[in-house]
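The following exercises concern helix geometry, aromatic contacts and internal cavities. Each task is followed by a worked solution.

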Amino acid sequence: MDPLSEVLSLLKPQGYITGGFDAGGRWALALDDLAGRIKCYAIVSGACWLTVQDVDEPVRLQEGDCFVLPSGRPAIIGSDPDVEPTRASEVLGPGRSGGRVTYNGGGDVFMVGSRFEVNSRHAEVLLRTMPPLMQVKTSGDRARLRWSIELMMEELREGRPGSALVAQQLAHMMLVQALRLYLSERSRDGVGWFAALADPQLSAALEAMHEDPAYPWTVEKLAARAGMSRSVFAERFRARTGETPIAYLTRWRMMLAGERLVQGRDALARIAGSLGYESEHAFNTAFKRVMGISPRRYARAEVSEGSGQMDGAGESGERGVGRVDRYDVERLRLINRAADTA
């Protein structure tokens with residue numbers, strides 16, 4: 001499986017609100033629903049402005065533009081960058097199932113798209129390596145992306161039986177197509193995992209690691225896959241991703257291991273062997289170094305079904321005393337540590 005497909009599979013994006021937004025006059029919405037989510041929308045008609053934290057200037061979005069907000073950074077969308085924003089949750093409402101929302105009379109700009117919930121276990125690590133804003137055009141030869149958007153509009157407009165499910169599937173296609181186009185258009189000057197994936201030579205090395213994470217990769221072997229000298233490859237990889245090739249490989253292995261540990265279907269020795277570790281001890285050491293916790297404790301730190309409490313022991317030996325919110329904070333702390341120490 002290619003790196004983009006694997007990362008999306010690990011994130012498990014679930015489109016839980018797919019619909020259209022029709023706005024008019026002077027308006028602005030502060031997108032206060034981005035944490036742990038990916039937002040992907042296309043401008044069908046009209047134009048608006050988008051301001052995103054860590055993006056230097058407000059971005060003008062026009063008919064034919066598609067944008068992805070993957071990193072959870074605060075963002076404001078509106079008719080003009082100077083308009084005082086209203087919280088989006090107050091306009092769209094929590095738990096809205098989709099359809100079309102008309103705001104401030106509508107008629108000036110219409111957009112369609114979806115918000116995606118992602119697997120919170122890995123979202124903090126993976127999404128923060130992506131750019132704060134990904135913008136692509138749906139015009140020209142972007143036939144597949146336009147097709148997804150047009151069919152989504154048709155489903156939302158006609159409201160036939162099963163339209164909500166069809167629209168969500170089309171939203172997934174729209175997201176993948178937008179990410180593909182973004183990768184194909186990027187220069188090699190960016191920083192982050194996406195910047196490396198957009199670099200044809202580094203992408204070849206990434207694909208090799210994702211294709212066979214258990215293989216005993218070395219910097220020399222990965223450089224050969226990239227068609228580069230060892231020193232040039234190592235320097236460019238670190239400049240693009242912020243970490244060494246072997247650190248990236250180890251972190252990816254541990255994320256795959258963490259997913260299988262939580263699923264609970266494989267023995268620890270089997271997981272270790274499938275990821276290239278000759279002994280369970282070697283795997284345990286690597287996992288604890290990257291994830292900040294032992295594999296067995298990671299697997300135990302699950303909420304008991306129906307109890308809202310942790311099923312494992314903490315450092316103090318307490319059992320069953322952590323509420324759900326404490327579990328979430330602890331898991332986020334561990335994942336952040338993994339990203340910082342990799």
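The expected span of a helix is 1.5 Å times one less than its number of residues. Helices (H or I, at least four residues) and strands (E, at least two) are DSSP runs, numbered from the N terminus. The model is a predicted one, in which local features need pLDDT of at least 70 and side-chain atom pairs count only at pLDDT 80 or more, while totals for chains, interfaces and linings use all residues. Residues are numbered from 1 along each chain as its sequence is written, and side-chain values use heavy atoms, with hydrogens and water left out.

**Exercise 1. Compare the expected span of helix α5 with the distance between its end C-alpha atoms.**

Step 1. Helix α5 covers residues 163-185, which is 23 residues.
Step 2. At 1.5 Å a residue, the helix should span 33 Å.
Step 3. The end C-alpha atoms are 32 Å apart, which agrees with the expected span.
Step 4. Buried means under 20% relative accessible area, exposed over 50%, and partly exposed in between (1.4 Å probe, protein chains only). The buried residues of α5 include Ser163, Ala167, Leu170, Ala171, Met174 and Leu175.

**Exercise 2. Classify the ring pair of Tyr41 and Phe67 and locate both residues.**

Step 1. Rings of Phe, Tyr and Trp (its six-membered ring) pair if their centres lie within 6.5 Å; planes under 30 degrees apart count as stacked, over 60 as edge-to-face and the rest as tilted. The structure holds 11 such aromatic pairs.
Step 2. The centres of Tyr41 and Phe67 are 6.4 Å apart and the planes differ by 25 degrees, a stacked pair.
Step 3. Tyr41 belongs to strand β3 and Phe67 to strand β6 (residues 65-69); the two are 26 residues apart, and the pair links distant parts of the chain.
Step 4. Tyr41 is buried at a relative accessible area of 6%, and Phe67 is buried at 1%.

**Exercise 3. Determine whether the pair of Phe233 and Phe237 is stacked or tilted.**

Step 1. The ring centres of Phe233 and Phe237 are 5.7 Å apart and the planes meet at 50 degrees, so the pair is tilted.
Step 2. Both residues lie in helix α9 (residues 230-241), 4 residues apart, about one turn of the helix.
Step 3. An α-helix has 3.6 residues a turn, so residues three or four places apart point the same way.
Step 4. Phe233 is buried, with 0% relative accessible area; Phe237 likewise counts as buried at 0%.

**Exercise 4. Describe the largest cavity and its lining.**

Step 1. On a 1 Å grid over the protein atoms alone, a cavity is a set of points where a 1.4 Å probe fits but cannot get out; lining residues have an atom within 4 Å of a point. Grid points are joined across faces, edges and corners, and a volume is the space filled by probe spheres set on the points.
Step 2. Of the 4 cavities of 30 Å³ or more, the largest holds about 160 Å³ of space.
Step 3. Its lining has 14 residues, with Phe21, Lys39, Tyr41, Leu92 and Met111 nearest the centre.
Step 4. Strands β1 (14-23), β2 (28-31) and β3 (37-45) each supply at least two lining residues; β1 gives the largest share, 3 residues.

**Exercise 5. State the volume of the second largest cavity and which helix contributes most to its lining.**

Step 1. The volume is about 90 Å³.
Step 2. Among the lining residues are Val7, Trp193, Tyr248 and Trp252.
Step 3. Helices α3 (120-127) and α10 (245-263) give two or more residues each, and the largest share, 4 residues, comes from α10.

Terms used:
On a 1 Å grid over the protein atoms alone, a cavity is a set of points where a 1.4 Å probe fits but cannot get out, and a pocket is an open set with protein on both sides within 12 Å along at least five of seven lines; lining residues have an atom within 4 Å of a point.
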